[in-house]
Amino acid sequence: MEPTETVYGLGANGLNAEAVAKIFAVKGRPADNPLILHIADQEQILPLTTGLNENARALMETFWPGPLTIVVPRSAIVPDIVTAGLDTVAVRMPSHPVAAALIRAAGCPIAAPSANVSGKPSATNARDVAEDMTGKIAGILDGGSCGIGVESTVVDTTSPVPTILRPGGITREMLEERLGAVEIDPALNGDPALRPKAPGMKYRHYAPQAPMYLYEGKEADLRLTQAVLRAQKQGLHVGVLCDDTVKERLEESLRRGHTAEILSWGQGKPDLAEHLYELLRDFDRVSPELIIGMGVDEKGLGLAVMNRLRKAAGYQILLAEEGGITVKSGSGFPEFLLVAEE
């Protein structure tokens, strides 16, 4: 169990199928969800693949070490359990010194998904790892809190146009600056019929225990505020995920003794990325009846954090624009919004 610059990982020898099988067992991870192999030096990728094209080499030169995973053709030494039977393998070279030292000491690529029970928010500090994994693993390397806070960007370099399979700390804009055209895989929308080529594409992830609704759009902050006030009138114990500005506005508007648990990520997308999983876990500790979250635009890091927020909400998304609120996806409006106001 080691820290990286993104999240904590649950590690095992990536070339040993029996060791990798224990990862799936401990996490309760579906077998068709592939893993990432972590290396400490660029040349360590060579035995893992049948060849690297120009796009793969360009990404390695520009972004390694760092929060970027590349999908390349696999070689015969990579076990099927790592790739979920695909003919490609995902590889990354983390920049965290503890992770790099561990990989070098192990002398092998390390398969390392996030160190959490499958479906729960990923762990970005040793406390949250211990909460999920105590008694299930050999030990935890405590390297402090992770700086980026969301998992690595995953790019398929085997497609005609490089394709983002999972957005992360390396943004689409950064990739386009280096490669030119970059596509986004349609499976990111959570289509269950599509076979995942990278971790986190198919299943509900990052989910707190309480049902969560996400407001997106130009009036997300205003409509979220109105929803929280309405929930309070009905006596609901509601959790709120927002930035400092909205938190201050809510605290001024809510009655004394209110039952809202308002958790702020701070200001800006880097703060949201760094603290998102920690805040989602904090909601589980205060046990609200439901959670109302505020979205951000998809520029830069916004693509990655909105991907995680939508998954956390199970795609229960309300679109708040000037003309009103509509259901963007999910089963509809939360019940408390349908109750007539007195």
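# Exercises on a predicted model

Helix H9 has a kink of about 50 degrees, centred on His275; the bend at a residue is the angle between axes fitted to the seven residues ending there and the seven starting there. The model is predicted, so local features need pLDDT of at least 70 and side-chain atom pairs count only at pLDDT 80 or more, while totals for chains, interfaces and linings use all residues. Residues are numbered from 1 along each chain as its sequence is written, and side-chain values use heavy atoms, with hydrogens and water left out.

## Exercise 1: two helices

Compare the end-to-end span of H9 and of H7 with the expected span of each.

Solution.
- Helices are DSSP runs of H or I with at least four residues, strands are runs of E with at least two, and both are numbered from the N terminus.
- The expected span of a helix is 1.5 Å times one less than its number of residues.
- H9 covers residues 269-286, which is 18 residues, and 26 Å is expected. From its first C-alpha to its last, H9 reaches 24 Å, close to that value.
- H7 covers residues 220-233, and its 14 residues should span 20 Å. The end C-alpha atoms of H7 are 20 Å apart, which agrees.
- After H7 comes Gly235, with a positive phi near 75 degrees.

## Exercise 2: salt bridges of H9

Find the salt bridges that Asp282, Arg285 and Lys269 make, and state where the partners lie.

Solution.
- A salt bridge is a side-chain nitrogen of Lys or Arg within 4 Å of a carboxyl oxygen of Asp or Glu. The whole structure holds 19 of them.
- Asp282 pairs with Arg127 at 3.9 Å, N to O. Arg127 is in helix H5 (residues 126-133) and Asp282 in helix H9, 155 residues apart.
- Arg285 pairs with Glu131, the closest N and O atoms being 3.2 Å apart. Because Arg285 lies in helix H9 and Glu131 in helix H5, this pair ties together parts that are 154 residues apart in sequence.
- Lys269 pairs with Asp297 at 2.5 Å, N to O. Asp297 sits in the loop between E14 and H10, and Lys269 in helix H9, 28 residues away.
- For cover, buried means under 20% relative accessible area, exposed over 50%, and partly exposed in between (1.4 Å probe, protein chains only).
- Lys269 is buried at 19%, whereas Asp297 is partly exposed at 42%. Arg127 at 47%, Glu131 at 43% and Arg285 at 34% are partly exposed.
- A network of salt bridges links Lys120, Arg127, Asp128, Glu131, Asp132, Arg281, Asp282 and Arg285.

## Exercise 3: strand E12

Assign the residues of E12 to its two sides, then name the strands joined to E12.

Solution.
- In a regular strand the side chains alternate between the two faces of the sheet.
- Val238, Val240 and Cys242 point one way from E12, while Gly239 and Leu241 point the other way.
- E12 spans residues 238-242, and 5 of its 5 residues are buried.
- E13 (residues 260-264) runs parallel to E12 and is joined to it by 5 bridges. Ala260 in E13 is the bridge partner of Val238.
- E14 (residues 290-294) also runs parallel to E12, with 4 bridges. Ile291 in E14 is the bridge partner of Gly239.

## Exercise 4: the open sheet

Which strands stand at the edges of the open sheet of 8 strands?

Solution.
- Two strands pair if DSSP finds at least two bridges between them.
- The strand order is E3-E7-E4-E6-E5-E8-E9-E10, with mixed pairing.
- E3 (12-13) and E10 (183-184) are the edge strands; each has a single partner strand, so one side of each is left without a neighbour in the sheet.
- Inside this order, E8 (residues 153-156) and E9 (residues 163-166) run antiparallel and share 3 bridges. Val154 stands opposite Arg166 in E9.

## Exercise 5: backbone angles in loops

What is special about the backbone at Pro65, Ala84 and Tyr315?

Solution.
- Most residues other than glycine have a negative phi, and most peptide bonds are trans.
- The Trp64 to Pro65 bond is cis, with omega near -5 degrees. Pro65 is in the loop between helix H2 (54-63) and strand E5 (68-73).
- Ala84 has a positive phi near 55 degrees. Ala84 lies between helix H3 (80-83) and strand E6 (88-92), and is buried at 11%.
- Tyr315 has a positive phi near 60 degrees. Tyr315 lies between helix H10 (302-312) and strand E15 (317-321), and is partly exposed at 21%.
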